[in-house]
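Dear colleague,

Please find below the structure that I am handing over to you. My notes on what was found in it follow directly after.

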Amino acid sequence: MSSNTPPNGELTVLRAGDYEATVASVGAGLVSLSFGGTDLVLPFPADELPPAYAGKVLMPWPNRVAGGAYSFAGQRFELPVNEAGTGSALHGLALWNAWQVERRSDAEVVLTHLLHGEPGYPFQLALTARYALDAETGLSIELGARNQGTAPAPYGCGSHPYITVGGDISTCELTFRAGKVLMTDEKLQPTELRDIAGTEFDFSQARILAGQQLDHAFTALPEGAWDVRLRHPARQLSAVVESTGTDAPWLQLYSGELRGRKGLAVEPMTCPPDAFNSGQDLVVLAPGQSHSLACRIHAVDG
């Protein structure tokens with residue numbers, strides 16, 4: 001038996017109809033998703049660390065905590081800073097941990113992880129991630145958390161897939177609807193919410209992404225549900241991420257410069273960047289309370 005430990009842990013391949021997905025046990029991450037042999041999610045080699053947080057589950061917070069510090073219930077906490085350039089604690093605590101495969105079938109896998117807590121986040125959460133493929137509706141992702149501790153816990157979550165329709169996203173059309181964009185400073189910390197109608201951030205009508213960089217959070221999303229569509233004008237297939245508006249009132253879009261702009265990060269989020277400090281849309285889980293987030297990635301003709 002080999003003594004090598006793969007960086008992504010145990011891999012599970014799911015299949016349903018023309019869809020195929022690969023899920024890693026480390027970080028409950030999505031390694032790949034394809035439809036009819038065409039990538040919908042920009043894959044990465046399974047024997048390498050995921051680049052730029054590709055496919056990771058973001059728990060117990062998505063995005064950044066400014067300065068790696070926050071106050072909650074009258075106490076100040078300090079988190080490990082893992083993004084030196086911005087001085088932030090980025091994307092939570094569970095993304096590099098080994099998760100357990102709770103159950104799996106040909107088209108579904110459920111992973112679990114117990115977050116025991118640490119000085120910067122002394123809360124105990126039972127986390128779950130479910131990936132399920134359907135031949136008609138594509139890949140469903142459900143993220144859940146239950147407070148297993150004795151004190152209320154601040155919480156947020158998100159998912160970090162990079163969608164693709166092949167080639168450089170600069171040649172692709174992007175469509176999504178949102179009312180506001182969260183502007184940031186040079187350290188990507190929030191500064192103000194702005195209306196996006198008629199601005200460079202307005203993609204309510206399909207627009208080519210050439211020349212535009214995105215690393216922004218959007219809100220005031222359509223009530224009930226929202227979706228993001230990436231389409232190559234010369235191809236007859238679009239990649240779509242959708243979520244219920246109540247589950248994910250925030251959406252982060254990143255144009256993937258760290259991945260050569262080969263994929264667009266579409267990140268459904270329960271809260272904005274630095275919610276541990278602003279408190280905006282922050283979920284507070286009482287002892288025994290649960291929370292869930294659901295989204296879906298699928299292909300659309302045309």
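In this predicted model, the count of disulfides comes to 0. C271 is one of the cysteines without such a bond: the nearest cysteine sulfur belongs to C157 and lies 8.0 Å away, whereas a disulfide would need the two sulfur atoms within 2.5 Å. C271 is buried, with a relative accessible area of 1%. For C172 the relative accessible area is 1%, and this residue is buried too.

Salt bridges

The count of salt bridges comes to 12. Three of these pairs are described here, each with its place in the chain.

E83 and R64 form a salt bridge through their side chains, with an N to O distance of 2.6 Å. The two residues belong to distant parts of the chain, 19 residues apart: R64 is in strand 6 (residues 64–66), and E83 is in the loop between strand 8 (75–78) and strand 9 (88–90). Both E83 and R64 are buried.

A salt bridge also joins R130 to E108, and their closest N and O atoms are 2.6 Å apart. E108 belongs to strand 11 (residues 108–115) and R130 to strand 12 (residues 125–134), so this pair ties together parts that are 22 residues apart in sequence. The two partners differ in their accessibility class: R130 is partly exposed, with a relative accessible area of 25%, while E108 is buried, with a relative accessible area of 16%.

In the third pair, the side chains of R296 and E242 meet in a salt bridge at 2.5 Å, N to O. Since R296 lies in strand 27 (residues 290–301) and E242 in strand 23 (residues 237–243), the pair ties together parts that are 54 residues apart in sequence. E242 counts as partly exposed, at 24% relative accessibility. Beyond single pairs, R103, E108, R130 and E142 are joined into one network by salt bridges that share partners.

The largest pocket

Which residues lie nearest the centre of the largest pocket? They are R64, E83, L90, D215 and Y254, out of 16 residues that line the pocket. R64 and E83 are thus both part of this lining and partners in the salt bridge described above. The volume of the largest pocket is about 230 Å³. By type, the residues of its lining divide into 7 nonpolar, 5 polar and 4 charged.

The sheet

An open sheet is formed by 9 strands, with antiparallel pairing, in the order 10-11-12-13-27-23-22-17-20. Its edge strands, each pairing on one side only, are strand 10 (100–104) and strand 20 (207–208). Strand 13 (residues 138–147) and strand 27 run antiparallel and are joined by 8 bridges. As an example of the register, R146 has S290 in strand 27 as its bridge partner. The salt bridges can be placed on this order as well: strands 11 and 12 follow one another in it, and they hold E108 and R130 respectively. Strands 27 and 23 also follow one another in the order, and they hold R296 and E242.

Backbone features

Several points of the backbone may deserve your attention on inspection. The peptide bond from M59 to P60 is cis, with omega near 5°. P60 is placed in the loop between strand 5 (56–58) and strand 6; strand 6 is the strand that contains R64.

Two residues that are not glycines have a positive phi. For A28 the value is about 50°, and this residue is in the loop between strand 2 (19–24) and strand 3 (30–35). With a relative accessible area of 0%, A28 is buried. For R261 the phi is about 55°; R261 is found in the loop between strand 24 (250–254) and strand 25 (264–269). R261 is buried as well, with a relative accessible area of 12%.

A contact across the sequence

Finally, T22 is found in strand 2 and counts as buried at 11% relative accessibility. How far apart are the C-alpha atoms of T22 and Y131? They are separated by 9.6 Å, although the two residues are 109 residues apart along the chain.

With kind regards

Notes
Residues are numbered from 1 along each chain as its sequence is written. This is a predicted model: local features need pLDDT of at least 70, side-chain atom pairs count only at pLDDT 80 or more; totals for chains, interfaces and linings use all residues. Side-chain values use heavy atoms; hydrogens and water are left out. Buried means under 20% relative accessible area, exposed over 50%, partly exposed in between (1.4 Å probe, protein chains only). A salt bridge is a side-chain nitrogen of Lys or Arg within 4 Å of a carboxyl oxygen of Asp or Glu. Helices (H or I, at least four residues) and strands (E, at least two) are DSSP runs, numbered from the N terminus. On a 1 Å grid over the protein atoms alone, a cavity is a set of points where a 1.4 Å probe fits but cannot get out, and a pocket is an open set with protein on both sides within 12 Å along at least five of seven lines; lining residues have an atom within 4 Å of a point. Grid points are joined across faces, edges and corners, and a volume is the space filled by probe spheres set on the points. Ala, Val, Leu, Ile, Met, Phe, Trp, Tyr, Cys and Pro count as nonpolar, Asp, Glu, Lys and Arg as charged, and the others, Gly among them, as polar. Two strands pair if DSSP finds at least two bridges between them.
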